[in-house]
Structures are given as C-alpha cells and as structure tokens.
Amino acid sequence: MDLHLKNLFGRFQEQFGSGPGLGPGSGTCLMKVEGVFPNFIKCIYKGSAALYRTEPWKRLRPGHLFGIRVGKDSDWSSKKQPFPCVQFIGGDGGDVGFHMFRSESDAKKMTGSRETIRTPNVELLRVTYELEALMFPSNKRMIKSLSLEASGTDRFPVIDVARCMSSGELRFRNPTLEELRFVYAFMRAISLVHPLLQEDKNGASKWSRLMYFETFIETVDVQWPPEMAKGHDLVAVTVSHPPGQAYEEKAFSTASSTTTKYAEPPREEVFVDVRVNSNCVYRQCTLCEKEVHGDQSQCCALCRAVVYCSSLCQKQHWKETHKSMCGLYKAMMEREEELVMKIFLFPCSADQPCKWLDSLGIHQKGMWRRKCGCNAHYPFGLLPVKGGLWDSWGGLGDEEFPRDSPFHNHVRDGISSPILLSGWSEYYNLRSLQLSSPVADILSHPFTVYYILTSLNISSKNLLLKGKEVILHFLGPEGELDWMPAFAEIGHLLNGSGNIHIVMVGPEVPTNLSGTTSGISSRVRVNLVRGNYQDEATYLPSPHIIVALNCGMESYSAWGGALELIKSRGVPAFFTEQSEILCANAKQVLRGAGLHITHPVTPNPFRSPVKTYCLSNNLPSYSNGFVLGVNT
C-alpha cells in the first residue's frame, strides 16, 4: 500500500508540480499561432534544447530576476520590450521552466517564498518543460510530425501566455509570432551568459539559502534564423541582474559582446590537479610555454580550458591573468556543443593532422598536403602539381569532390543570378556530394569569401546581381595559394552573373609568382602580389571589399599599417578567426586602431567542420570559425 501511494504521489507531482509554477499545461499549441512556419517552430525547440543543456536551474531560483532587452524598443509593435523581466522556476521543485513578465513590479508581485502568487490582471509568458507523456495530444502530434528536438531525454517546451483574472481563474492564450521571436532571442542569449554569473558571498544574508550574485550586465549578438529575420540577421540582446543595471566599461570582453569584466574567486579547488584528456602527444604550458606530454599536462578545474605543466604555473597564471578570464573561458567551453556540425559522416576532430588525413586516405595527396606539416619545405603556392581535378582532391571518390561543371536548373524567370547558400548541407545536396566527403575543410576558404560577398555585404551582393565585377583584396594568403582549384567552385556559384577579381597580397606569396594573374574560372581571376598590404595597396586596383581569413590578429604591431589603411579608406573589411578567444583579441586590436566593429562576431556557417585545438588550451578551433567586420 505504501509503495502504491508513493507511486501515485510521484505521478501527481510530475503532472501538477509543487513549488513555483502555475500548474499543468494549458492546451496551447504553436501550430495554432497565426503566421507561424514549421521551420520557425523547429528553431524555437532547438533554442529551448540548447538552454536546457546549460542547466540554469542548478543555481538560479525564482528570486533571481533578470532584465532583458532585445534590440530597440522601436523594433516591437508596442514600441517597448514585450517581456523585459524573467525568472527561472523549478530549481527548488515544481514546474521546470521560466516566466517572462511585463515589468519587474509584476515579477515581484507574483514571486512568493514557496509558490507563484496568482495576482489579478497580471499577464506573463511562461515556458514550461513538460514530459512528453503528459502533454496534450495536439502538442504530441506537432512534435512527431515536425521531428522537434527534445530538451534532455524526454521533455519539450510548452509556451503560453497566462493571465490571472480577478476571480482567481487563470486564462491562457497562444503567444503571438512577435512574442515567440522575443522568447527565442532570450533563450539564445541567456544560454551564453548565465554561466558567467559570479557568486557574491559578501552580499548574502547569513541565514539565507538563496545564492547571491554580483551585479551583472552583458550584451551578446543573437543571429536570427532566416524564418525570424526582419531585414537584419543579428539582434543585440542585453541581459542584466538584477534588472535595471547600466553599463560600466571594463577590461575584457567576450568574442561577441559588449565589454564586461568577469572574475572567479580564488577558491582552492581551482588548483586541483585535473589531467587533460588529450590524444595529442605534446601540449604547451600557457604560462612558461614548456612542452609537456599530453598525459602529464593539467588544466584549470573551473573552466577546463587552459593547459599547464604544473600546479605552480597554474597558481601563478591565476594571479597574473587567468582569474579575470576564467569565467569567459568557461562560457566558451560550454558553447562547444553548438559549434559542432553534426551532419558529416567523416571524423571531425583532428588533434593530429597526419593521422586524420591518413584515416581518410588523403595524406600526402593533392591539395590536402597543406593540411599537415609534411610538405612545409615547399613555399606556399609551390606544391608540385600533377594530374587534373581528381588528383587535386586527393583521389576522392566520384561523389566526394565537386566537378568543374555549372549548376543546372538555377534560372528564375529566364534570369541567372548567384546561388545563395545557407550552409554546408544545402551545398552538399546541390552538388550531390556524400556527407562522408571532407572537402568542406578546404572549401571553407573560398566559400567564406563567397558568403561574405553575397550574404554579409550588401554592396558587393548588389554588384554581382547586376552582373558587374567585384574587386576583393585578400590579405595574408598562405594555404589558399595551393587551393586554387577549390576557388574555381565559387565561379560556378555565381551562376552566370557577375565576376570576382581577387587580389591576394601578403609576404608569403612567392617572388616568382608575384605579379601573375590566374583565370581559375571564366568568372573568377586571381592576382598574386608579394609584400605587406600597406606598402602595395597604392599600386592595386581600388577594392570594393577587403577580406583576411584566419588572420590571427593578436597584436597591433603586426597589423597596424594595414588597419590604418583600412580605416583611412573606409572600405568594408571582414576578418575570420578560428576561436572565440582569438576573436576577443581581434576586437581589442581593431578598437585600438580606431576601427568601429559594425558586423559583430558571429559563427560562420561555412567554417570548417573539422575541430582542432591549440597546444596551450582546450578551446575548440575551427578554420574560419567566426566572422567580424568593420566599415560595413
């Protein structure tokens, strides 16, 4: 009998909750929202699952209120933020989810010590993670028909807007399309920033069970999915705790945010000896740069990002710099899952390039010879070439490399126009390539250029649509000098509309190739020029756009002359970096040169899917992983 009652009570708790919350689901369904599209709903569920994975309920309680600002007030139909105050519920039991309020005052009225207080005439939007078994049939059918992503193993978000009437009765409605956009932006932003909250041990009452946090404000750039964009791909989302915080400029910044300082308290557990789980033979100590065997290296116990040779170096580095950056690194490590491209069927981790290439049967073959150090004795651009396109791609199978042929059936109303791609999946499908093909690793370079020209820069896109030529200055080419067959593919993507003139300028261009022109396709030609950009730019045709891939912009001294020229000319310039920490460095260098970042850091949909690591940290790196721009 006791066991039966225990099971019955357990089912009751699952269905009706205990603690903060407003009870069971209301029966709303996103398919009933006016103007909604299936892909829109998929994006909402994907964002919800990403938030669920970060487990905010481990630390956050209903008493922790957050201020939220998505874009400008004028972006919303009411000319104000729809739900600018948010609380997480479920950390102490009951419904797991979050509530969004019209004001901080409403949030405080409805937040009791143990329960959510039903306050008359207060409206809130709630997102509740419900077990699939307890959901209404309409939501179950939607989940199955759209193959929606689960949050955790068996939970899905239910989104509704609730209002408590004066009688105490609750009334529910579906959210509007605009309200769903606001929810999506919040979920994406809070997933990135809530791990950065720092506990304030001095601010808590001696007897309080509630964890207190230091005041916090952070802005991140959220990329709208195509189904949600309204003329802009990005929106700035500001999260503050408690609500109403104002900015105070600090020393460090995340890769895609307004500058804010993060600091970990120097707790003793920071210095626990945590061994690095790595396949690399050698790693490099962040502080002393000593090489240490991978099995003998250790890392910070909090962020697990930074590698050391000993606890002595770890403690010293903590005092010198890492204390202020640890929270930032931790957040970057937690975003690793979102950067992984899961569509590919080949190994997408390359700690040891030679072994990775060998596993694919392309080591020491064709263009892949630039993907490891075995041919470093050949200058860039001078790898011996033999055979045709098949040899260039390392002898891959017939359905594993792109043919030198145009795309068919891409003419609209009798007019040809450039083919606009959203990502690798669309391209592989267009070329009928097998997802076991690794060509995206090399194609990332020309496709990032094409993506910038056709998606990130309006002026160059318009020139191509009008059938005109775009002149692009490509700074600092290295491996690209041996990957010209891959650059020919963007000529086919132009689809008979416009031309691209690429001028590659850099000190790695071989002397005997400097001044040469290569017509790698009927619509793409490449000029090679040896030298520093600031010294050679006067003699080059004026560019419409400037691009530098994997630029490694770590110091002003290396880039100062080029950046001064870019600033004086006012030409749109885009840079890619391999990791978020390199983006943070690049932002500081660009700002130091007086350049305003007009295209904030965003993940590049045409980044290489192959993950690599730096010798001195565990932060994942992807070739052309992130894009930022100036003068755009």
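The axes of helix α2 and helix α4 (residues 137-146) come within 11 Å and cross at roughly 100°, in a model that is predicted. The two helices, α2 and α4, are therefore roughly perpendicular to each other. On the α2 side the contact is formed by Pro38, Ile41, Lys42 and Tyr45, and on the α4 side by Met142, Ile143 and Leu146. Sorted by class, the contact of α2 with α4 holds six nonpolar residues, no polar residues and one charged residue.

**A second helix partner for α2**

Helix α2 also packs against helix α5 (residues 177-193), here at an angle of about 30° and with the axes 9 Å apart. That angle makes α2 roughly parallel to α5, and the crossing in which α2 passes α5 is left-handed. From α2, the residues that make this contact are Phe40, Cys43, Ile44, Lys46, Gly47, Ser48, Ala50 and Leu51, while α5 contributes Leu177, Leu180, Arg181, Tyr184, Met187, Arg188, Ile190 and Ser191. The residues of the contact of α2 with α5 divide into 10 nonpolar, three polar and three charged.

**The sheet beneath α2**

Helix α2, which spans residues 38-53, lies across four strands, namely β2, β3, β4 (123-131) and β5 (155-164), and runs at about 100° to β5. These strands belong to an open sheet of eight strands, in the order β6-β5-β4-β3-β2-β1-β8-β7, whose pairing is antiparallel. At the edges stand β6 (170-173) and β7 (216-223), each of which pairs on one side only. Neighbouring strands of the sheet are turned by 30° against each other on average, with direction ignored.

The pairings from β1 to β5 can be set side by side.

| Strand pair | Bridges | Sense |
|---|---|---|
| β1 (residues 65-70) and β2 | three bridges | antiparallel |
| β2 and β3 (residues 97-101) | five bridges | antiparallel |
| β3 and β4 | five bridges | antiparallel |
| β4 and β5 | nine bridges | antiparallel |

Individual residues show how these pairings are built. Between β1 and β2, Phe66 has Val86 as its bridge partner, and Gly67 is bridged to Cys85. On the other side of the strand, Val86 stands opposite Met100 in β3. Further along the sheet, Phe101 stands opposite Leu124 in β4, and Glu130 has Phe156 of β5 as its bridge partner.

**Burial of β2 and β4**

Why is strand β2 (residues 85-89) described as largely enclosed by the rest of the structure? Five of its five residues are buried, so the strand is largely enclosed; buried here means under 20% relative accessible area. In a regular strand the side chains alternate between the two faces of the sheet. For β2, Cys85, Gln87 and Ile89 point one way and Val86 and Phe88 the other way, and all are buried.

Strand β4 is likewise mostly covered, with nine of its nine residues buried. Glu123, Leu125, Val127, Tyr129 and Leu131 point one way from β4, whereas Leu124, Arg126, Thr128 and Glu130 point the other way, and all of these are buried. Glu130, the residue of β4 that is bridged to Phe156 in β5, is thus listed on the side that also holds Leu124, Arg126 and Thr128.

**Cys309 and its surroundings**

Another part of the chain offers a local picture, centred on Cys309, which lies in the loop between β13 (307-308) and α6 (311-334). Cys309 has a relative accessible area of 19% and is therefore buried, given that the cut-off is under 20%. Leaving aside residues up to four places away in sequence, Cys309 touches Cys285, Cys288, Lys290 and Val292. Of these, Val292 is 17 residues from Cys309 in sequence, and the two are 6.1 Å apart in space, C-alpha to C-alpha.

**The chain as a whole**

The chain has 17 helices and 25 strands. Of its 632 residues, 52% are buried. Among contacts between residues at least 6 apart in sequence, 70% join residues that are at least 24 apart.

Definitions and conventions:
Residues numbered from 1 in each chain as written. Predicted model: local features only at pLDDT ≥ 70, side-chain atom pairs only at ≥ 80, totals over all residues. Heavy atoms only, no water. Buried < 20%, exposed > 50% of the residue type's maximum accessible area, 1.4 Å probe, protein only. Pairing = 2+ DSSP bridges. Axes fitted to C-alpha atoms, helices over the stretch in contact; angles between N-to-C directions. Contact = heavy atoms within 4.5 Å. Parallel < 35°, antiparallel > 145°, perpendicular 65-115°, else oblique. Left-handed = near helix turned anticlockwise from the far one by under 90°. Nonpolar A, V, L, I, M, F, W, Y, C, P; charged D, E, K, R; others polar.
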